[in-house]
Amino acid sequence: MLLLCISFALTVQSHNYHRSKFISSTNFLTGGIYGWRHTLSDYFGLKSKNKRLLEENERLRNQISTLSIDTTTTTFIDTLSFDRPYTYIRADVYRNDYSKIDNHILINKGNKNGVITDMGVITDKGVIGIIEGTSDNYSRVISILNSNSRINAGLKKSNQYGSLIWNGKNPNIVQLETIPRQANLKKGDTIITNGRSTIFPKGIGIGTIINFELDKSQNYYLIDVQLFNDMTDIGYVYAIKNKDTQEIKQILIPDSNE
């Protein structure tokens with residue numbers, strides 16, 4: 001074996017062809033080993049990379065929410081739904097119910113992090129629910145899959161809007177009611193938040209129309225909406241804080257002592 005190794009080494013050193021083949025084979029083997037090690041390293045580093053991406057998304061969302069609007073080129077501004085000073089607080093989902101009639105979600109951010117009741121909760125895909133209660137470090141979210149949930153939503157292509165509810169059946173399909181029969185609907189139309197509350201900014205995605213029919217009164221549509229989110233698989237969320245909420249409420253609902 002020793003003589004064989006020596007003869008092999010001499011052959012490689014003295015012949016260009018054999019040397020090039022040996023180098024190519026070595027590169028192939030070492031490249032495969034390093035590639036495998038890199039893949040393994042990437043796999044175990046996914047958690048930290050994902051955390052950095054989520055933190056970056058949170059920072060970018062907050063930067064976008066503070067962008068100023070050029071009023072010289074903006075022809076229409078809805079002061080109740082446009083250009084509000086929103087901030088976004090990222091949180092991990094610790095518990096997610098979706099098989100009951102009244103479902104809730106538990107997240108790991110609370111009062112200490114600036115989360116308060118009546119804040120909207122979303123993912124990068126769309127609406128999840130509304131903060132219902134908080135403690136120092138945790139918050140309880142009333143899911144969009146809850147019989148008590150009522151979220152203002154409407155058509156992306158028009159200003160017609162209604163109330164988003166859930167009939168307790170499919171966890172990925174909700175219902176939009178009180179859209180007037182005059183609305184021009186078709187399957188595939190996008191449903192978004194309409195911005196007519198202090199909870200969600202205008203334009204947050206919800207889902208697409210998969211079916212619709214007139215209700216018993218024949219005046220309004222009842223619409224089935226396929227959610228953008230897979231409500232059975234939620235890992236993290238963003239809680240939305242509107243810093244002008246109290247001021248807007250004081251204007252819309254005057255003090256009863258006045």
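In the predicted model, Ala91 is part of strand β1, which spans residues 86–96. The relative accessibility of Ala91 is 1%, and this residue therefore counts as buried, since the term applies to values under 20%. Apart from neighbours within four places in sequence, the residues in contact with Ala91 are Ile107, Asn108, Lys109, Tyr236 and Val237. For one of these partners, Ile107, the separation from Ala91 is 16 residues in sequence, while the C-alpha to C-alpha distance between the two is 6.0 Å.

A further element of the fold is a closed barrel of six strands, arranged in the order β6-β7-β8-β11-β10-β9 with antiparallel pairing. On average, and with direction ignored, neighbouring strands of this sheet are turned by 40° against each other. One of the pairings joins strand β6, formed by residues 151–155, to strand β9, formed by residues 190–193. These two strands pair in the antiparallel sense over three bridges. Within this part of the structure, Ala153 stands opposite Thr193 of β9.

At the surface, Leu2, Leu3 and Ile6 together make a nonpolar patch of about 350 Å². Leu2 belongs to helix α1, which covers residues 2–14. With a relative accessibility of 65%, Leu2 counts as exposed, because this class comprises values over 50%. The two residues examined individually thus fall into opposite classes: Ala91 in strand β1 is buried, whereas Leu2 in helix α1 is exposed.

Key
Residues are numbered from 1 along each chain as its sequence is written. This is a predicted model: local features need pLDDT of at least 70, side-chain atom pairs count only at pLDDT 80 or more; totals for chains, interfaces and linings use all residues. Side-chain values use heavy atoms; hydrogens and water are left out. Patches are made of residues with over 30% relative accessible area and no salt bridge: like charges are joined within 9 Å, nonpolar side chains (Val, Leu, Ile, Met, Phe, Trp, Tyr) within 5 Å. Accessible areas come from the Shrake-Rupley method with a 1.4 Å probe; for residues, only the protein chains shown count as cover. A salt bridge is a side-chain nitrogen of Lys or Arg within 4 Å of a carboxyl oxygen of Asp or Glu. Helices (H or I, at least four residues) and strands (E, at least two) are DSSP runs, numbered from the N terminus. Buried means under 20% relative accessible area, exposed over 50%, partly exposed in between (1.4 Å probe, protein chains only). Two strands pair if DSSP finds at least two bridges between them. Axes are lines fitted to C-alpha atoms, for helices over the stretch in contact, and angles run from 0 to 180 degrees between N-to-C directions. Contact means heavy atoms within 4.5 Å.
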